[in-house]
Amino acid sequence: MKRKWVMAVDLGTSYIKVGLYDQEGICPCVVREDTASCSDRTGHLVQRGELIFEKVLSCMKKAANAFPELTDGIEAIAFTGQMAGFMGVGEGWEDVTGWS
């Protein structure tokens, strides 16, 4: 029987983390990349949605490439996110406010 896997993506404020987990919770692979924050005109720290998206895709690809033999068994992708934030999205699905 083929092992089933979940790819878990953690959208953190300091870094993006992606892990591959089997049904018993075993995690043979974790990939992590730092994220960047900047100050907006009010002095609040914000993160650009496009940059978060790029980091997520990069981490997902790195995890898949680290264990290519597992990728055909990925049954689901789960996302967790930062606490209490907001990001405005425009008509073309672009980030118009940054994550704040």
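These legends walk through close-up views of a predicted model.

**Figure 1. The whole chain, made of one helix and six strands.** Before zooming in, it helps to have the overall layout in mind. Read from the N terminus, the elements follow the order β-β-β-β-β-α-β. The C-alpha atoms fit a box of roughly 55 × 25 × 20 Å along the principal axes. The protein has 100 residues, and 29% of them count as buried. Its accessible surface is about 6700 Å², with 58% of that belonging to carbon and sulfur atoms. Looking at contacts between residues at least 6 apart in sequence, 48% bring together residues at least 24 apart.

**Figure 2. The hairpin of strands E1 and E2.** Here you can follow E1 (residues 5-11) as it pairs with E2 in the antiparallel sense, over seven bridges. Three residues link the two strands. To find your way along the ladder, start with Asp10, whose bridge partner in E2 is Lys17. Another pair to look for is Leu11, which stands opposite Ile16 in E2.

**Figure 3. The hairpin of strands E2 and E3.** E2 (residues 15-22) also pairs with E3 (residues 29-34), again in the antiparallel sense, this time over six bridges. A handy landmark is Val18, which sits opposite Val31 in E3. Six residues lie between the two strands, and Gly25 in the turn has a positive phi of about 85°.

**Figure 4. Strand E1 beside strand E6.** Now turn to the pairing of E1 with E6 (residues 74-80). These strands run parallel and are joined by six bridges. One of the residues to pick out is Met7, whose bridge partner in E6 is Ile77.

**Figure 5. Asp22, a buried residue in strand E2.** Asp22 belongs to E2, which covers residues 15-22. Its relative accessibility is 7%, below the 20% cut-off, so Asp22 counts as buried. What does the side chain of Asp22 meet in a polar contact? The partner is the side chain of Arg3, at 2.3 Å. Setting aside neighbours within four places in sequence, the residues in contact with Asp22 are Arg3, Lys4 and Trp5.

**Figure 6. Gln47, a buried loop residue with polar partners.** Gln47 is found in the loop that lies between strand E5 (45-46) and helix H1 (49-66). With a relative accessibility of 4%, against a cut-off of 20%, Gln47 is therefore classed as buried. Two polar atoms pairings are worth tracing in this view. The side chain of Gln47 makes a polar contact of 3.0 Å with the side chain of Thr35. A polar atom of the Gln47 side chain also lies 3.0 Å from the backbone oxygen of Thr13.

**Figure 7. A nonpolar surface patch that includes Val30.** For the last view, we move to the surface. Val6, Tyr21 and Val30 together make a nonpolar patch of about 230 Å². Val30 has its place in strand E3, residues 29-34. Is Val30 buried or exposed? Its relative accessible area is 48%, which falls between the 20% and 50% cut-offs, so Val30 is partly exposed.

Technical notes:
Residues are numbered from 1 along each chain as its sequence is written. This is a predicted model: local features need pLDDT of at least 70, side-chain atom pairs count only at pLDDT 80 or more; totals for chains, interfaces and linings use all residues. Side-chain values use heavy atoms; hydrogens and water are left out. Helices (H or I, at least four residues) and strands (E, at least two) are DSSP runs, numbered from the N terminus. Buried means under 20% relative accessible area, exposed over 50%, partly exposed in between (1.4 Å probe, protein chains only). A polar contact is a pair of N or O atoms within 3.5 Å; within protein, one must be able to donate a hydrogen and the other to accept it, and residues adjacent in sequence count only if both atoms are side-chain atoms. Contact means heavy atoms within 4.5 Å. Patches are made of residues with over 30% relative accessible area and no salt bridge: like charges are joined within 9 Å, nonpolar side chains (Val, Leu, Ile, Met, Phe, Trp, Tyr) within 5 Å. Accessible areas come from the Shrake-Rupley method with a 1.4 Å probe; for residues, only the protein chains shown count as cover. A salt bridge is a side-chain nitrogen of Lys or Arg within 4 Å of a carboxyl oxygen of Asp or Glu. Two strands pair if DSSP finds at least two bridges between them.
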